[in-house]
Amino acid sequence: MSRETKENIAIEEERGDQHLSTADVAEALESRPGTIQREEVPVGENAPLLPNDRCRDLRTRWDSIQTSFVDEPKQTVEKADSLVAELMQDLAKTFANERQNLESQWGRGDNVSTEDLRIALQKYRSFFSRLLSV
């Protein structure tokens, strides 16, 4: 019997005879000492398109720009335009790097896993959908 199966049985015994969902098991395992905590990486429509630290920086800068509107409306709009242009450049670089990585693997004759391709397609689909919904 695998370690995971034993832990699932132990969790069920702790909670009584009720059947557990995978979410229940994951929650119980994460709360146990010594259990490896996994960081959830969103996939699909809500997946971040840039690294979290870059997103935080851009949001902080946007907040700063937005609060200056009352005092300097024209300059605020100019700064907003500049920040949006910077963000679009970052996004273009992100997708160009992703494509370049895949193409370099193909160029070396390496097999790109279907999973890597699926994730790449999800990023494109998410970005495309977000652009169309604006």
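How many residues does helix α5 have, and how far does it reach from its first C-alpha to its last? The views below concern a predicted model, in which local features need pLDDT of at least 70, side-chain atom pairs count only at pLDDT 80 or more, and totals for chains, interfaces and linings use all residues. Residues are numbered from 1 along each chain as its sequence is written, and side-chain values use heavy atoms, with hydrogens and water left out.

**View 1. Helix α5 and its two faces.** Helix α5 (residues 114-133) has 20 residues and reaches 28 Å; the expected span, 1.5 Å times one less than the number of residues, is also 28 Å. Helices are DSSP runs of H or I with at least four residues, numbered from the N terminus. Ala120, Gln122 and Ser126 are buried in α5 (buried means under 20% relative accessible area, exposed over 50%, partly exposed in between, with a 1.4 Å probe and protein chains only). These buried residues line one face of the helix because they fall within an arc of 155° seen down its axis; the arc is that of the directions from the helix axis to the C-beta atoms. The face turned away carries exposed residues, including Phe128 and Leu131.

**View 2. Helix α3 and its buried side.** Helix α3 (residues 52-67) has 16 residues and reaches 23 Å, close to the 22 Å expected. Arg54, Cys55, Leu58 and Ile65 are buried in α3. They lie on the same side of α3, because they cover an arc of only 100° around the axis. On the other side, Asp53, Arg56, Arg59, Thr60 and Thr67 are exposed. Helix α4 (73-107) is among what covers the buried residues of α3.

**View 3. Salt bridges between α3 and α4.** A salt bridge is a side-chain nitrogen of Lys or Arg within 4 Å of a carboxyl oxygen of Asp or Glu, and the structure holds 8 of them. One of these joins the side chains of Arg54 and Asp90 (2.5 Å, N to O). This pair links Arg54 in helix α3 to Asp90 in helix α4, 36 residues apart. Asp90 is buried, with a relative accessible area of 16%. Arg61 and Glu86 also meet in a salt bridge (2.8 Å, N to O). Arg61 lies in α3 and Glu86 in α4, so the pair ties together parts that are 25 residues apart in sequence.

**View 4. A salt bridge within α4.** Arg99 forms a salt bridge with Glu103, the closest N and O atoms being 3.8 Å apart. Both residues lie in helix α4, 4 residues apart, about one turn of the helix.

Note on methods. Contact = heavy atoms within 4.5 Å.
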